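Grab a coffee and open the viewer: here are a few exercises on how helices pack and where a pocket sits. Try each one before reading its solution.

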Amino acid sequence: KDNLINAMSQPKSEIIDRIKEIKKVLGSGKEIEVKAAFIMMTKKYGTNFKFEGKEYSGAKIPGIDISYFTKLLFFLGNKDWECQPLVYDNQLQNVHCALLKDSGIGVQSLFDIHSFKMDSSTISCRISLRNGDLAKPVDFYIDFIKRVKSLSESIELSGDCEFQGKAGRLEEIMFGKELSRKRIDNDPRTNPRAFVKNYLGLTEYDDDQNDQNDREGEISTTNEMP
């Protein structure tokens, strides 16, 4: 796909250099450091900008957006950090919506819902951040991290993620399993993907439905980062 072609067309040495810069900015994992690293990954390479009084330079990798670069932040992070980076892809953005709704926050004003016709009987939905002044994507990301961390500390889990601890393990569970007509565990009581979408009132799933769309695409944001 175009995103993969764009990413792979970059010289390997340049990509490695950008990731090293991100790792350096992440520092000791303070919230402000994670925010700065996140914003760097959204800014064109070489673009200078100020954040919280400090100078930074964009480190965006063409073709790599929030859904994927937060995976890089996750693996560059540490479970003992004050602000431990987590993955924030399409599925976990849905989870974030559910957590916000559970807190009594009206998600319709914060997120757009996109519908896709998958076949004659199935509508597949994806949630994306709403562009505008309600909040910046980096603020959504930090809010998600805080909510998952707090939740992970309040419940018992079957085991920790190897190097990302309880928050990483909880996120792994919440990621769920692909919604496919071949799966027999799409019951909302057993598959978090089905549960979250039913809880948000997006669509109902059964054994005959397919959600290929969850495996595709990136979060689309057009508003300029701070």
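For angles between helix axes, over 145 degrees counts as roughly antiparallel, and 65 to 115 as roughly perpendicular. Keep in mind that this is a predicted model.

**Exercise 1.** Work out how α2 and α3 run relative to each other, and which residues meet.

*Solution.*
- Start with the axes: helix α2 (residues 12-26) and helix α3 (residues 31-40) come within 8 Å and cross at roughly 160°.
- That angle is over the 145 cut-off, so α2 and α3 are roughly antiparallel.
- As for handedness, this crossing is right-handed.
- Now the contact: on the α2 side you'll find Glu-21, Ile-22, Val-25 and Leu-26, facing Glu-33, Val-34, Ala-36, Ala-37 and Met-40 of α3.
- Sorted by class, that contact has seven nonpolar, no polar and two charged residues.

**Exercise 2.** Do the same for α6 and α7.

*Solution.*
- The axes of helix α6 (residues 137-154) and α7 come within 9 Å, crossing at roughly 100°.
- Therefore α6 is roughly perpendicular to α7.
- Among the residues that meet are Phe-144, Val-148 and Leu-151 from α6, and Ala-167, Leu-170 and Met-174 from α7.
- The class count for this contact is six nonpolar, one polar and four charged.

**Exercise 3.** Find which elements give two or more residues to the lining of the second largest pocket.

*Solution.*
- The space in this pocket comes to about 270 Å³.
- Its lining includes Leu-99, Asp-102, Leu-151, Leu-170, Met-174 and Phe-195.
- The elements you're after are α5 (90-102), α7 (165-175) and α8 (192-199).
- By class, the lining holds 11 nonpolar, no polar and one charged residues.

Conventions:
Residues are numbered from 1 along each chain as its sequence is written. This is a predicted model: local features need pLDDT of at least 70, side-chain atom pairs count only at pLDDT 80 or more; totals for chains, interfaces and linings use all residues. Side-chain values use heavy atoms; hydrogens and water are left out. Axes are lines fitted to C-alpha atoms, for helices over the stretch in contact, and angles run from 0 to 180 degrees between N-to-C directions. Helices (H or I, at least four residues) and strands (E, at least two) are DSSP runs, numbered from the N terminus. Angles under 35 degrees count as roughly parallel, over 145 as roughly antiparallel, 65 to 115 as roughly perpendicular and the rest as oblique. A crossing is left-handed if the near helix is turned anticlockwise from the far one by less than a right angle, and right-handed if clockwise. Contact means heavy atoms within 4.5 Å. Ala, Val, Leu, Ile, Met, Phe, Trp, Tyr, Cys and Pro count as nonpolar, Asp, Glu, Lys and Arg as charged, and the others, Gly among them, as polar. On a 1 Å grid over the protein atoms alone, a cavity is a set of points where a 1.4 Å probe fits but cannot get out, and a pocket is an open set with protein on both sides within 12 Å along at least five of seven lines; lining residues have an atom within 4 Å of a point. Grid points are joined across faces, edges and corners, and a volume is the space filled by probe spheres set on the points.
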